[in-house]
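Good morning, everyone, and thank you for making time for this. I would like to walk you slowly through one structure, so please have the sequence and the picture open while I talk.

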Amino acid sequence: RDAKINRIYLVFDGIRVPLKRGTNAEREARRQANLTEARRLMSLGRRREADEKYKLCVKSTELMARVVCGAVHRKWGKHGPVQCIFAPYEA
């Protein structure tokens, strides 16, 4: 309120854009490499380093977005200060 912010919009991705197929494949490969490295580090007892790698391989899903949006609606209502928007494609 001090910053005069009236509304916050949470924008969630829709379907993947076919033109970005190569970019998405690269991202998935990086996620898998980070997951493999995180597991290796964890097996060596290097938990802090593993946690950092695990953070790099998180992939959000539509279900996650819907759960977040549901929590927002329960807390502030559908027309409250926080609004959820689902983009038709990637946001």
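**Where the chain meets itself**

Leaving aside its neighbours within four places in sequence, Arg7 is in contact with His79, Gly80, Pro81 and Gln83. Before I go further, please keep in mind that what we are looking at is a predicted model. Arg7 sits in the segment before β1, and at 39% relative accessibility this residue counts as partly exposed. How far apart are Arg7 and Val82 in sequence, and how far in space? They are 75 residues apart along the chain, yet from C-alpha to C-alpha the separation is 5.7 Å.

Let me stay with Val82 for a moment, since this residue belongs to the largest nonpolar core, a set of 6 residues whose other members are Phe12, Ala65, Cys69, Val72 and Cys84. Two elements, α3 (62-76) and β2 (82-86), each supply at least two residues of this core, and the largest share, 3 residues, comes from α3. If you look for Cys84 and set aside residues up to four places away in sequence, you will find that Cys84 touches Leu10, Phe12, Cys69 and Val72.

Turning now to the surface, Tyr9, Val11 and Ile85 make a nonpolar patch of about 280 Å². Val11 lies in strand β1, which covers residues 8-12, and with a relative accessibility of 47% Val11 counts as partly exposed.

Next comes helix α1, which runs over residues 21-43 and so has 23 residues; from its first C-alpha to its last it reaches 33 Å, close to the 33 Å expected at 1.5 Å a residue. Which residues of α1 are buried? They are Asn24, Arg31, Asn34, Leu35, Ala38 and Leu41, and what covers them includes α2 (47-55). Asn34 makes a useful example, because its relative accessible area of 13% is under the 20% limit for a buried residue. Not counting residues up to four places away in sequence, Asn34 touches Lys53, Leu56 and Cys57. After α1 comes Gly45, whose phi is positive, near 80 degrees.

Finally, let us consider charge. Side chains of opposite charge can pair when their charged atoms come close. How many salt bridges does a search of the whole structure find? The search finds 7, and I will take you through some of them.

Within α1, Arg40 forms a salt bridge with Glu37, and the closest N and O atoms are 2.8 Å apart. Because Arg40 and Glu37 are 3 residues apart in this helix, about one helical turn separates them. Both partners are partly exposed, Arg40 at 39% relative accessibility and Glu37 at 25%.

In α3, the side chains of Arg66 and Glu62 meet in a salt bridge with an N to O distance of 3.2 Å. Here the two residues are 4 apart in the helix, so they too are separated by about one helical turn. Arg66 is partly exposed, with a relative accessible area of 44%, whereas Glu62, at 53%, is exposed.

Another pair is Glu49 and Arg46, with their closest N and O atoms 2.7 Å apart; Glu49 is partly exposed at 38%, and Arg46 is partly exposed at 34%. I will end with Glu28, Arg31 and Lys59, which are linked in a network of salt bridges, and I would point out that Arg31 is also one of the buried residues of α1.

Definitions and conventions: Residues are numbered from 1 along each chain as its sequence is written. This is a predicted model: local features need pLDDT of at least 70, side-chain atom pairs count only at pLDDT 80 or more; totals for chains, interfaces and linings use all residues. Side-chain values use heavy atoms; hydrogens and water are left out. Patches are made of residues with over 30% relative accessible area and no salt bridge: like charges are joined within 9 Å, nonpolar side chains (Val, Leu, Ile, Met, Phe, Trp, Tyr) within 5 Å. Accessible areas come from the Shrake-Rupley method with a 1.4 Å probe; for residues, only the protein chains shown count as cover. A salt bridge is a side-chain nitrogen of Lys or Arg within 4 Å of a carboxyl oxygen of Asp or Glu. Buried means under 20% relative accessible area, exposed over 50%, partly exposed in between (1.4 Å probe, protein chains only). The expected span of a helix is 1.5 Å times one less than its number of residues. Contact means heavy atoms within 4.5 Å. A nonpolar core is a set of buried Ala, Val, Leu, Ile, Met, Phe, Trp, Tyr and Cys residues joined through side-chain atoms within 4.5 Å.
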